Protein chains: 2
Amino acid sequence: MSNDRPAARGDLVPSAVLGLLGTRGPTSRADIARTLDISPATVTQVTKLLISRGLVTELDHAPSQGGRPARLLGLVERQVGAIGAKVTANHVAIVDVGLDGTVRSSTSHPFNPDAPDALDALGHILGSAVDDHAGTLLGVGVGIPGSVDSQASGVVDAPTLGWTDAQVGPVLRRALGVPVLVENDVNTLAVADRLYGEGRDHSTYLVVTIGRGIGCGIVVDGALYRGAAGGAGEIGHVPLTLDGPLCGCGSRGCLEAHIGEDALVRTALERGVIGPRGTVAGLRQAAEAGDPAAREIYREAGERLGSALAGVVHTIDPEIVIILGEGIDAWQHWEPGFEASFRGHLVPSRRGLPFVIEAWDEFNWALGAASLVLASPFDSTGATGDQGELVRARLHTSVEATS
Amino acid sequence: MSNDRPAARGDLVPSAVLGLLGTRGPTSRADIARTLDISPATVTQVTKLLISRGLVTELDHAPSQGGRPARLLGLVERQVGAIGAKVTANHVAIVDVGLDGTVRSSTSHPFNPDAPDALDALGHILGSAVDDHAGTLLGVGVGIPGSVDSQASGVVDAPTLGWTDAQVGPVLRRALGVPVLVENDVNTLAVADRLYGEGRDHSTYLVVTIGRGIGCGIVVDGALYRGAAGGAGEIGHVPLTLDGPLCGCGSRGCLEAHIGEDALVRTALERGVIGPRGTVAGLRQAAEAGDPAAREIYREAGERLGSALAGVVHTIDPEIVIILGEGIDAWQHWEPGFEASFRGHLVPSRRGLPFVIEAWDEFNWALGAASLVLASPFDSTGATGDQGELVRARLHTSVEATS
DNA sequence: TCCCGTTAGTTTGCTCCTAAATAAAGGTGT
DNA sequence: ACACCTTTATTTAGGAGCAAACTAACGGGA
């Protein structure tokens, strides 16, 4: 039980203002007040402080909106950024991004999570990225395909990597000496969408990924929803059938066991669409070439996804559903099955629920992880814990030194 | 987008303290601070104010816990309470409860929601309950089997009552002249559980009802989760099968269409367990008497419920699941199918998730509705809106007059 | 032209709550 | 007995943000 009061925030408002200017570009005081939902008086005070500290400057006047024209405020240009990494079963993708989310560099590194010293190896890979970073580094975000106890602690259970109770956060913090935030990979995408995607215009939404697994990030009132133990949104293991195919989790009939990549490949093999060494790429090519059996596999998968997502929508009641992931490039084949099933299984009042398909490439995962760090100034829920505090502190002091 | 700041709170803390003392009984200052997550200093100040106003008194010392013994604080006894009502398709159940949740009276009234003046009739029924109330009435809570736009506004869509866009809140407020909070009936149970049930010890949980329909209330971090449009937790319409029985909502294969009361009765009829005019009570008697076909119907229903709840658990990640409702008296027949299916469809790390079955009688629904009002002093999320403010104001001033 | 409505930003005086230091009142080990 | 710990409660000083009232700067209509 905890009747959450506002709780001790350090100087969250200044950080949020800096973060906003960093991600949205020049903004007027009035706009800041509206966007962050704080009073104009507070904005005046905070910006006065930030200007006196040399972090922020007044820019041009914006054209009048019918009244006094706004004076835009902008961040004093500095080299401030974050590093994001996505860990997979065979490699680590890393991006270096600026405050506004622009990717400055992206690299990919082979990685073996089964090795006994896997975490140290990960520390080395990230260490060189940290060394390569020019300017002030706010922190490192790490996306993991598994469940994470909390972003700030960073202890991980990831069956697909073979990790149980892996001390990702502690080890990396010791190795890197900068704030490290660890989160489930799908959740990082949800956070990224809030900063740069559809989430800017919606406060309660689902981010659904299709690919090897099926995942779901849940954002409620602008904040990531993690559940009691950080395991919310595990929709890959929602049961679709009482006795279906065996899933990697040990249960039967999980969504993932029906429409995950492995399941699609298995079905395609059974139906002779691809050969014994065929892959999901082969299945997609067959569908692209017009093979009806291949298309039927995707249609069925879309149908199943639609029905499962309808269930999730009934549970969560979001404003919008965002679908992306490495499997998205075959979406045109999913869609015929999906839309009818999704809408058909929704109650009438929610049948018009919008969903959007977002473009995708490998490094979206890593960018998502980086946005964990970039979003931490907005963190009003305390999800980022002490590491978030550290990021805020670095955002502040980064420029005091050089002023 | 709204990066929710604490936002304008009236004097929320004094109200929360009063509410806490009302629902939990005598409590020490230190305990109040811990429970409400506010600083001891604030508690000292607030209690000083409340004592000077004659609302609160110091009571005995509690036995020492190894340090200075706590001095308990208690509410000055007054006649303060709330009225709760549950609206069904053929009657309205009403209870009158005290601050501590004790039921002072309970009545049941015939009601026809299809009548053109149904809302006025409801106003009259509740009006006499309000008139009968002795002492200060904090407000009226109304539980409705349908979706409610917001507690404070109280506009209702309730298919089972035949109501669309029904102005329940506005009409009742005009008729009664006291604060009126309207909420989905299952959600009221979730709120009640937070005050008086399992929810005192858990901050994130599901309250699942079985009966005519299947419902789910979601409490996250101690606050009711309503979703973007107040429709969260509609698990009755989670699709179980792609092409199953037709549901009242127009879709096929909904959970409710499989295991709602009507579905159980239909299945029992099909299998010859009950006659053409048989009811769910008849089915239960048959199961009680040992009829294997009747027991199989319940077992299958339990199996389906278990698999659907496993899906919801994977989505929400609660600490505990609470099951109750008018169908609960047959639970012993659900259980064999339920537990195996529920646990069997959970991922290993969550397989030990606790669930509890709570006892049930008709007036639990109405008590739940009343606790909407009693819980509003705790409302830090603003879910109760202006009506919650009014309740708080009444809680304060109720005693100023008599002091 | 001059006044009004509108939007932007600032100043002032608060309220609420907190952290930190301190006091109060009991235990416990030697 | 004494020192020391723990838990409870209060005091003090002050931070953070707000509402309300103000100034500032523009457009437009009569």
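**Close-up views of a two-chain predicted model**

**View 1. B:Asp37, in the loop between α2 and α3 of chain B.** This is a predicted model, and we start at a single residue of it. B:Asp37 follows helix α2(B). Its phi is positive, about 60°, although B:Asp37 is not a glycine. That deserves a second look, since most residues other than glycine have a negative phi. Is B:Asp37 buried, partly exposed or exposed? With a relative accessibility of 43%, B:Asp37 counts as partly exposed.

**View 2. Helix α2 of chain B, residues 29–36, and its surroundings.** Stepping back from B:Asp37, we come to the helix that precedes it. Buried in α2(B) are B:Ile32, B:Ala33, B:Thr35 and B:Leu36. Which elements help to cover these buried residues? Among them are two helices of chain B, α1 (12–24) and α3 (40–52), together with the strands β1 (27–28) and β3 (71–75).

**View 3. Helix α8 of chain A, residues 261–270, with its buried residues.** Here the buried residues are A:Glu261, A:Ala263, A:Leu264, A:Thr267 and A:Ala268. They span an arc of only 165° around the axis, and therefore lie on the same side of α8(A). A reminder on helix geometry: an α-helix has 3.6 residues a turn, so residues three or four places apart point the same way. Turn to the other side of α8(A), and you will find A:Asp262 and A:Glu270 exposed. What do the buried residues of α8(A) pack against? Their partners in chain A are α7 (255–259), α9 (280–288), α10 and α11 (331–344). Just after the helix comes A:Gly272, with a positive phi of about 75°.

**View 4. A:Asp317, in the loop between α10 and β15 (320–324) of chain A.** Here is another aspartate worth a look in a backbone plot: the phi of A:Asp317 is positive, near 55°, in a residue other than glycine. How accessible is A:Asp317? Its relative accessibility is 2%, so A:Asp317 counts as buried, the limit being 20%.

**View 5. B:Thr384, in the loop between α12 (364–375) and α13 (385–400) of chain B.** At a relative accessibility of 4%, this threonine counts as buried. Which residues touch B:Thr384, once neighbours within four places in sequence are set aside? The contacts are B:Gln151, B:Ala152, B:Leu181, B:Ser376 and B:Asp379.

**View 6. The second largest cavity, with a volume of about 140 Å³.** The structure holds eight cavities of 30 Å³ or more, and this view is centred on the second largest. Of its 16 lining residues, A:Val238, A:Pro239, A:Gly311, B:Val238 and B:Gly311 are the closest to the centre. Two elements each give two or more residues to the lining: α10 (292–316) of chain A and α10 (292–316) of chain B. How does the lining divide by residue type? Ten residues are nonpolar and six are polar, while none is charged.

**View 7. Chain B superposed on chain A, with an RMSD of 0.2 Å.** The operation is a rotation of 179° with 0.1 Å of shift along its axis. The two copies are thus related as by a two-fold rotation axis. Both copies use the same surface, as 100% of the contact residues of chain B recur in chain A.

Note on methods. Residues numbered from 1 in each chain as written. Chains lettered and ligands numbered in written order. Predicted model: local features only at pLDDT ≥ 70, side-chain atom pairs only at ≥ 80, totals over all residues. Heavy atoms only, no water. 1 Å grid on protein atoms, 1.4 Å probe; cavity = no way out; pocket = protein on both sides within 12 Å on 5 of 7 lines; lining within 4 Å. Points joined across faces, edges and corners; volume = space filled by probe spheres on them. Helix = DSSP H or I, 4+ residues; strand = E, 2+ residues; numbered from the N terminus. Nonpolar A, V, L, I, M, F, W, Y, C, P; charged D, E, K, R; others polar. Least-squares fit on C-alpha atoms with pLDDT ≥ 70 in both. Contact = heavy atoms within 4.5 Å. Buried < 20%, exposed > 50% of the residue type's maximum accessible area, 1.4 Å probe, protein only. Arc of directions from axis to C-beta.
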